[in-house]
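Thanks for making the time this morning. I would like to walk through the side-chain contacts in this model, so please have the sequence and the structure open while I talk.

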Amino acid sequence: MNAVDNSGRFSAAFGAKADGAPGRRPARRRRPLLARAPAVAVAALIALGAASAGCGAQDGAEAVSPALGGSPEAQAELRRILSRFASGARAERIALEPELLAFRGRHAGDDLARVATAHLAWIALERGDLRRAEALAAEVEAEGPGATGDLARVLRGAALRRSGAPASRSRPSGCCARW
């Protein structure tokens, strides 16, 4: 195929417009990785929700309830922290570690301390501290089922996978083992 048509102009097949003006494709702009992080986090939470849908009560077992705080103040405090965690970039999530540690210390006997511990495991995973991420997630998992336990299972699996653990060690137990 000839790149120049009969009138000496580049043909449309080679990027020129029919009127002879040089054709340009509009530049395809990709959002920076950090700008896509909230979308990735939302997708992960949706996947977690879909995966945990089958992990509710089975065979007449009692339904799992959400983690509730002992006080409205504790709930509001953790909600503010987790709101920043969910909307923040990786560095911003990591920067929330002291606040989560302080929250966990102040509310050690509260169910919400489990939620803070799960998010500390997430931060450890993002830092590359896989042993700490696995240990914190295992601690949360051992405290019982629920949405927080499911999040801990996902985080523990991610830590084990990144550390190259054998498949048998990273295989989930309980209701999700059938997958």
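Let me begin with a term that I will lean on throughout: a residue is called buried when its relative accessible area is under 20%, exposed when that value is over 50%, and partly exposed in between. Please also keep in mind that what you see is a predicted model.

With that cut-off in hand, take R153, which has a relative accessible area of 22% and is therefore partly exposed. Its salt-bridge partner is E141, and the closest N and O atoms of the two are 3.4 Å apart. R153 belongs to helix α7, residues 147-162, while E141 belongs to helix α6, so that the pair links distant parts of the chain, 12 residues apart. E141, for its part, has a relative accessibility of 18% and so counts as buried. These two do not stand alone, since a network of salt bridges links E141, D150, R153 and R156.

How many salt bridges does the structure hold? There are 9, and I will pick out two more of them.

In one, the side chains of R84 and E99 meet, with 2.4 Å from N to O. Because R84 lies in helix α2, residues 72-87, and E99 in helix α4, residues 97-106, this pair ties together parts that are 15 residues apart in sequence. Both ends are partly exposed, R84 with a relative accessible area of 39% and E99 at 33%.

In the other, E97 is joined to R132, the closest N and O atoms lying 2.8 Å apart. Here E97 sits in helix α4 and R132 in helix α6, residues 130-142, so the contact ties together parts that are 35 residues apart in sequence. E97 counts as buried, at 8% relative accessibility, whereas R132 is partly exposed at 27%.

Let me turn now to the rings. The structure holds 1 aromatic pair, formed by F85 and W122, whose ring centres are 5.1 Å apart and whose planes stand at 80 degrees, so the pair is edge-to-face. F85 is in helix α2 and W122 in helix α5, residues 112-127, which places the partners 37 residues apart and links distant parts of the chain. Are these two residues buried or exposed? Both F85 and W122 are buried. F85 has a further contact, in that the charged end of R93 sits over its ring, 6.0 Å from the ring centre.

Notes. Residues are numbered from 1 along each chain as its sequence is written. This is a predicted model: local features need pLDDT of at least 70, side-chain atom pairs count only at pLDDT 80 or more; totals for chains, interfaces and linings use all residues. Side-chain values use heavy atoms; hydrogens and water are left out. A salt bridge is a side-chain nitrogen of Lys or Arg within 4 Å of a carboxyl oxygen of Asp or Glu. Helices (H or I, at least four residues) and strands (E, at least two) are DSSP runs, numbered from the N terminus. Buried means under 20% relative accessible area, exposed over 50%, partly exposed in between (1.4 Å probe, protein chains only). Rings of Phe, Tyr and Trp (its six-membered ring) pair if their centres lie within 6.5 Å; planes under 30 degrees apart count as stacked, over 60 as edge-to-face and the rest as tilted. A charge sits over a ring if NZ of Lys or CZ of Arg is within 6 Å of the ring centre and within 35 degrees of the ring normal.
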